[in-house]
Amino acid sequence: MPAFIYLLLPIFFWSGNYILGRLTVSDGIDPFSISFLRWSLACLIILPFAYKKLWREREIIAKNWPLLVLFGWLGICNYNLFLYIGLTSTTVTNAVLLNSIMPVMILITARLLLGSKTSWLQNTGIMISTVGAVAIVSRGSLDTFLHLSISHGDLWIIVAAVSWAIYSVMIVRRPKEMSLIGFFACTALIGTLCQAPLFFLFGDSQLSSFSTENWLSILYMSVFASIGAFLCWNTGIQKLGAATAGHFIHLLPVFSIGLSVLFLGESLFRFHYVGIALIFSGIFVATILNKKLKPAT
């Protein structure tokens with residue numbers, strides 16, 4: 001499978017998570033319950049396939065436990081929980097717009113933590129795709145963009161994005177001796193354990209009040225937005241690097257709109273096509289064109 005597919009699939013899965021997350025919190029399910037149940041179920045699903053790896057790699061885990069705790073805390077606990085908390089008090093438009101600056105955060109974080117440098121083509125690609133993302137979420141209206149207000153929910157989304165940027169950059173430091181499934185299962189368990197006290201302290205939703213749709217949403221979040229997305233994302237970063245992976249975040253509004261058209265009956269307008277064209281152009285410049293011209297620079 002081409003390397004870029006490993007980065008496309010997580011964006012598609014996370015787009016569904018955005019829509020289902022918003023619908024679920026709108027049903028009155030608190031974010032602490034959503035996040036904890038999502039990852040608890042994901043752990044139950046992945047453990048039968050990973051427990052032998054975990055046991056075989058227990059010495060590696062013991063040796064690298066501080067780093068693994070950091071990964072579990074940032075990528076499993078913080079990002080997902082903060083996202084759902086943010087969706088309770090901000091609009092999807094604001095949330096998607098704030099997530100569209102993730103590539104910039106990843107590049108800045110990579111430079112600060114790893115000393116990574118970016119080419120002028122990568123920077124140009126980021127600018128082009130950022131304009132495309134802004135065009136979509138602002139509905140092609142400068143007035144809509146200028147009047148976006150910052151709420152507590154927006155701040156939670158920003159903190160979630162920062163957590164994910166650090167996670168994406170630092171993932172290249174994961175223990176190379178660990179298998180991918182062993183690493184994922186270990187960090188998923190750690191992240192779920194981090195969320196457990198928060199769930200018991202602040203989770204106020206009664207499981208008996210969950211509808212069938214709520215449980216199906218959590219199942220999707222567990223299988224696709226958790227296991228499938230994280231395994232693909234980590235593989236993609238290993239193959240293409242954090243900076244390249246960051247560009248694909250701009251596809252989040254594109255896929256989200258596509259799912260909205262399919263499942264919510266929403267329509268596409270001219271600004272959608274303009275934004276999608278800019279996003280794909282930006283990714284092309286930052287990845288394919290940058291790679292082709294790199295030997296000549």
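What follows is a conversation between two colleagues about a predicted model.

Colleague: Good to see you! How do you know how much confidence the chain carries, given that this is a predicted model?

Modeller: The mean pLDDT of the chain is 85, and 96% of the residues reach 70 or more. Confidence is highest in helix α2 (residues 31–56), at a mean of 96, and lowest in helix α5 (residues 92–99), at 72. Where pLDDT is low, the predicted coordinates should not be read in detail.

Colleague: Let us take the aromatic rings next. What makes Trp39 and Phe184 a tilted pair?

Modeller: A search of the whole structure finds 23 aromatic pairs. In this one the ring centres are 6.1 Å apart, and the limit for a pair is 6.5 Å, so Trp39 and Phe184 qualify. Their planes meet at 50 degrees. Stacked would need under 30 and edge-to-face over 60, so the pair is called tilted.

Colleague: Why is this pair said to tie together parts of the chain that are 145 residues apart in sequence?

Modeller: Because Trp39 sits in helix α2 while Phe184 belongs to helix α10 (residues 180–202).

Colleague: And what makes Trp39 and Phe184 count as buried?

Modeller: The cut-off for buried is under 20% relative accessible area. Trp39 has 0%, so it counts as buried. Phe184 has 1%, so the verdict for Phe184 is buried too.

Colleague: What about Phe210 and Trp215: why is that pair called tilted?

Modeller: Their ring centres are 4.9 Å apart, which is within the 6.5 Å limit, and the planes stand at 40 degrees. That angle is neither under 30 nor over 60, so tilted is the word for Phe210 and Trp215.

Colleague: Why is Phe210 called buried, and why is Trp215 called partly exposed?

Modeller: Phe210 has a relative accessible area of 8%, which is under 20%, so Phe210 is buried. Trp215 has 37%, which lies between the 20% and 50% cut-offs, so Trp215 is partly exposed.

Colleague: Which residues do ring pairs link into a cluster?

Modeller: The cluster holds Trp14, Trp39, Phe71, Tyr79, Trp164, Tyr167, Phe183, Phe184, Phe230 and Trp233.

Colleague: On to empty space. How many cavities of 30 Å³ or more are there, and what lines the largest cavity?

Modeller: The count comes to one, and about 70 Å³ of space lies in the largest cavity. Its lining consists of Ile11, Trp14, Tyr18, Tyr79, Asn99, Met102, Trp164, Ile249 and Leu252. Helix α1 (residues 5–26) gives the most to that lining, with three residues. By class, eight of the lining residues are nonpolar, one is polar and none is charged.

Colleague: And what can you tell me about the largest pocket?

Modeller: About 700 Å³ of space lies in the largest pocket. Of the 29 residues that line the largest pocket, Leu240, Thr244, Ala286, Thr287 and Ile288 are the closest to its centre. The lining draws at least two residues from each of α6 (102–114), α12 (242–247) and α14 (270–293), and α14 gives the most, with eight. By class, the lining has 18 nonpolar, seven polar and four charged residues.

Colleague: How do you know that helix α7 (residues 120–137) has the span expected for its number of residues?

Modeller: α7 has 18 residues, and at 1.5 Å a residue they should span 26 Å. The end C-alpha atoms of α7 are 26 Å apart, which agrees. Among the buried residues of α7 are Leu121, Gly125, Ser129 and Ala133. Just after α7, Arg139 takes a positive phi of about 60 degrees.

Colleague: How does the span of α1 compare with the expected one?

Modeller: The 22 residues of α1 should span 32 Å, and its end C-alpha atoms are 32 Å apart, which agrees. Just after α1, Gly28 has a positive phi of about 95 degrees.

Colleague: One last topic: what makes Cys77 and Leu98 buried?

Modeller: Cys77, in helix α4 (residues 65–87), has a relative accessible area of 4%, which is under 20%, so Cys77 is buried. Cys77 and Thr192 are 115 residues apart in sequence, but 6.6 Å apart in space, C-alpha to C-alpha. Leu98 lies in helix α5, and its 14% is also under 20%, so Leu98 counts as buried. Between Leu98 and Val134 there are 9.5 Å in space, C-alpha to C-alpha, and the two are 36 residues apart in sequence.

Key:
Residues numbered from 1 in each chain as written. Predicted model: local features only at pLDDT ≥ 70, side-chain atom pairs only at ≥ 80, totals over all residues. Heavy atoms only, no water. Helix = DSSP H or I, 4+ residues; strand = E, 2+ residues; numbered from the N terminus. Expected span 1.5 Å × (residues − 1). Buried < 20%, exposed > 50% of the residue type's maximum accessible area, 1.4 Å probe, protein only. 1 Å grid on protein atoms, 1.4 Å probe; cavity = no way out; pocket = protein on both sides within 12 Å on 5 of 7 lines; lining within 4 Å. Points joined across faces, edges and corners; volume = space filled by probe spheres on them. Nonpolar A, V, L, I, M, F, W, Y, C, P; charged D, E, K, R; others polar. pLDDT = per-residue confidence, 0-100. Phe/Tyr/Trp six-rings, centres within 6.5 Å; stacked < 30°, edge-to-face > 60°.
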